[in-house]
Amino acid sequence: MKNRSFTSIALFTVALLFLIGCAGATRSGDRGTPGELPSDPESSLSASTSEGENQLSDEELLLLEDDSDWNDGPTEEIYTVPDPIEPFNRVMFTINDKLYLWIMIPVAKGYAKVVEPQIRTGVKNFFFNLGAPIRIVNNILQGKGKAAEAEVARFLYNSTVGVLGFGNPAKHHDGLNPDPEDLGQTLGVWGIGDGFFLYLPVLGPSTLRDTVGFVGDRYASPVGFVEPMELSLGLSGYNVLNTLSFRTDDYRTLKDAALDPYVSFRNAYIQLRQSKLRR
């Protein structure tokens, strides 16, 4: 049954990757569709001056001209990913927003009140250690041999000295803490483009490529092999709840600081993924 499911997912993954390749929208390592900052502030200054000459004095205009060379340096480029289904994504963002604020965050806060931080840290370490096979495989697929060796060493160290991974003694050794890798990053290293932006129910921001990677990582995770499926999903949900208990106020803080929370979360996710690809 699991083999058939895995085969179906694999075929689905190959089909999506083919579509991404055909689309050729944005490839890892490219700069995507750059959103350029204004390159000619003087023209903007002229336009604004003619429109607002009744509001600005000559002294104020001179001050503006003195500041008009603020962007004489190289034009800054911002990596972007196409968002052709933005209306749908905004609906998903709104649903997730209510889910976070009304259910997940209150539950996480209640959980944090009754469970000691040391226990929650141990649970967090356990699930992270359990994800070692995913990180090892993706390091190998990206040709990062030393990082793969470090992941193996950290897994063995934390599983033994750290008592099944509940402890994290490896964190005290710089050589045993490589950057985490996932299948979405591996596909990016292989030159497969992002496709387009997606806002997934419950899971939050993603891209078509990262969604395919998430499905692949799910089947490489030991938690994905737990039977029955309800127990597997329950463990994954508990991992999310436990992780969320460490930063219950972060979501609201970021949202309140944004003029358009959807755009802010989308851009933050895309820039974060790009920074991971460049490492």
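**Entry 1: Asn-96**

I began with Asn-96, which is found in helix α4; helices here are DSSP runs of H or I with at least four residues, strands are E runs of at least two, and both are numbered from the N terminus. The model is a predicted one, where local features need pLDDT of at least 70, side-chain atom pairs count only at pLDDT 80 or more, and totals for chains, interfaces and linings use all residues. Residues are numbered from 1 along each chain as its sequence is written, and side-chain values use heavy atoms, with hydrogens and water left out.

Is Asn-96 buried or exposed? I found it buried, at a relative accessible area of 1% (buried is under 20%, exposed over 50%, partly exposed in between, with a 1.4 Å probe and protein chains only). A polar atom of the Asn-96 side chain lies 2.8 Å from the backbone oxygen of Leu-200. Not counting residues up to four places away in sequence, I saw Asn-96 touch Tyr-199, Leu-200, Pro-201, Val-202, Leu-203 and Gly-204 (contact means heavy atoms within 4.5 Å).

**Entry 2: the whole chain**

I stepped back and counted 12 helices and two strands. From the N terminus, the order is α-α-α-α-α-α-α-α-β-β-α-α-α-α. Of the 279 residues, 36% are buried. I also looked at contacts between residues at least 6 apart in sequence: 73% of them join residues at least 24 apart.

**Entry 3: the nonpolar core**

Which element supplies the largest share of the largest nonpolar core? First, the core itself: it has 20 residues, and those with the most contacts inside it are Phe-93, Ile-105, Phe-197, Tyr-199, Tyr-251 and Ile-270. (A nonpolar core is a set of buried Ala, Val, Leu, Ile, Met, Phe, Trp, Tyr and Cys residues joined through side-chain atoms within 4.5 Å.) At least two residues each come from α4 (86-114), β1 (197-200), α10 (229-244) and α12. The largest share, eight residues, is from α4.

I then followed Phe-197 outward. Beyond its neighbours within four places in sequence, its contacts include Val-81, Pro-82, Thr-207, Tyr-269 and Ile-270.

**Entry 4: two cavities**

I found two cavities of 30 Å³ or more. (On a 1 Å grid over the protein atoms alone, a cavity is a set of points where a 1.4 Å probe fits but cannot get out, and lining residues have an atom within 4 Å of a point; points are joined across faces, edges and corners, and a volume is the space filled by probe spheres set on them.)

The largest holds about 40 Å³. Helix α5 (residues 117-130) gives the most to its lining, with three residues. The lining includes Asn-125, Phe-128 and Asn-158.

The second largest has about 30 Å³. Helix α12 (residues 261-278) brings the largest share of that lining, four residues. Among the lining residues I noted Val-81, Thr-207, Tyr-269 and Ile-270, names I had just met around Phe-197.

**Entry 5: Glu-181**

Last, I looked up Glu-181, in the loop between α7 (145-160) and α8 (183-189). Glu-181 is buried too, with a relative accessible area of 5%. What does its side chain meet at 3.2 Å? The side chain of Gln-142, in a polar contact (N or O atoms within 3.5 Å, where within protein one must be able to donate a hydrogen and the other to accept it, and residues adjacent in sequence count only if both atoms are side-chain atoms). Another polar contact, of 2.8 Å, joins the side chains of Glu-181 and Gln-185. Leaving aside neighbours within four places, Glu-181 also has contacts that include Ile-134, Arg-135 and Lys-144.

Key:
1 Å grid on protein atoms, 1.4 Å probe; cavity = no way out; pocket = protein on both sides within 12 Å on 5 of 7 lines; lining within 4 Å.
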